[in-house]
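Here is a short report on one protein chain. Keep the structure in view as you read.

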Amino acid sequence: MSGNLCACCSDTLDAPVLAGPTSSGLCRVCRDEPPPFVRAVAYGPYQDHMKAAIHALKYDRLHAMARGLGRMLAQAIAQLANEAPAEMLVVPVPLHRTKHAERGFNQARSLAAAALAELRETHPEWRLTLAPRTLMRLRATESQAGLTPHKRRLNVRGAFEVIDSSLVKQKHVLLIDDIFTSGATARAAALALMRAGAASVCVATLARASRVYSNRRGETVRFDDVEDVAVMPGLVPAIASTHAGIYSSHEQSSF
Ligand SMILES: [Zn+2]
């Protein structure tokens, strides 16, 4: 991710619709509704090759992709090196057990494992422990794709539970997923961790989907402001070169 980014969620501030009027360094979403995580980082925009690679891993089950993608995720995590605690529990966002059974694996866990293997080489001083059995997804939530941001929040609210809170109490947590779109999933999972007593939660994802779109009238709108699902198919990414995330009905199932 490059350019002028939100100091908290790393979304682009290059679009005025995201930045809003102040110079706080935060995007409007983080200012209006501070997230339960300290910071979210991503390797790059959810587009082109990145999108194809994530698809290949998730839907075509090309597990060989996890290694290269994990290296990229490691680079995203390395952005936290100066500010994150030296010791963290690394928690992949879980799938619901029915989804897990259907897919056969959790891509977030594969990516986290690959990233940790890389970070052990590049940042040996960092003590990161993979803790995949920390969170549980309680409900087989409806796919987030095709939902407005408001419905996405309702869809994942209360969807996560910490399995054994004694494992996260006072611990710093690094939450991992493949794609960050509206942030609803990251918020819900981070909230569950904080309520269970975690000291802090940071989030790292491979890709970041755009929240800036042009509607049918050619106006620039923020994805978070779209409350009518009927208009969503008419939205096209507004910042094509640096930050295009293309909305489609199958692609953003985890966020
Ligand atoms: Zn933000």
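The text below goes from the whole chain to two packed helices, then to a single helix.

**The chain.** This is a predicted model. The chain holds 9 helices and 10 strands. Of its 255 residues, 46% count as buried. Take the contacts in the chain with a separation of 6 or more: 74% of them come from residues 24 or more positions apart.

**Two helices that meet.** Two packed helices are described by the angle and the distance between their axes. Here the pair is helix α3 and helix α4, whose axes come within 10 Å and cross at roughly 135 degrees. This angle makes α3 oblique to α4, because it falls in neither the parallel, the antiparallel nor the perpendicular range. The crossing of α3 past α4 is left-handed. The table lists who meets whom.

| Helix | Residue range | Contact residues |
|---|---|---|
| α3 | residues 48-58 | Ala53, Ala56, Leu57 |
| α4 | residues 65-78 | Met65, Ala66, Leu69 |

The residues of this contact divide into 6 nonpolar, no polar and no charged.

**A covered helix.** Now turn to helix α8, residues 184-195. How far should its 12 residues span? At 1.5 Å a residue, the expected span is 16 Å, and the end C-alpha atoms of α8 are 16 Å apart, so the two agree. Is α8 mostly covered or mostly open? It is mostly covered, with 9 of its 12 residues buried. Among the buried residues are Thr185, Arg187 and Leu193. The cover over the buried residues of α8 includes strands β1 (39-45) and β6 (172-180), along with helix α7 (149-156). Just after α8 comes Gly197, with a positive phi of about 105 degrees.

Technical notes
Residues numbered from 1 in each chain as written. Predicted model: local features only at pLDDT ≥ 70, side-chain atom pairs only at ≥ 80, totals over all residues. Axes fitted to C-alpha atoms, helices over the stretch in contact; angles between N-to-C directions. Helix = DSSP H or I, 4+ residues; strand = E, 2+ residues; numbered from the N terminus. Parallel < 35°, antiparallel > 145°, perpendicular 65-115°, else oblique. Left-handed = near helix turned anticlockwise from the far one by under 90°. Contact = placed C-beta atoms within 7 Å. Nonpolar A, V, L, I, M, F, W, Y, C, P; charged D, E, K, R; others polar. Buried ≥ 20, exposed ≤ 12 C-beta atoms within 10 Å, placed from the backbone. Expected span 1.5 Å × (residues − 1).
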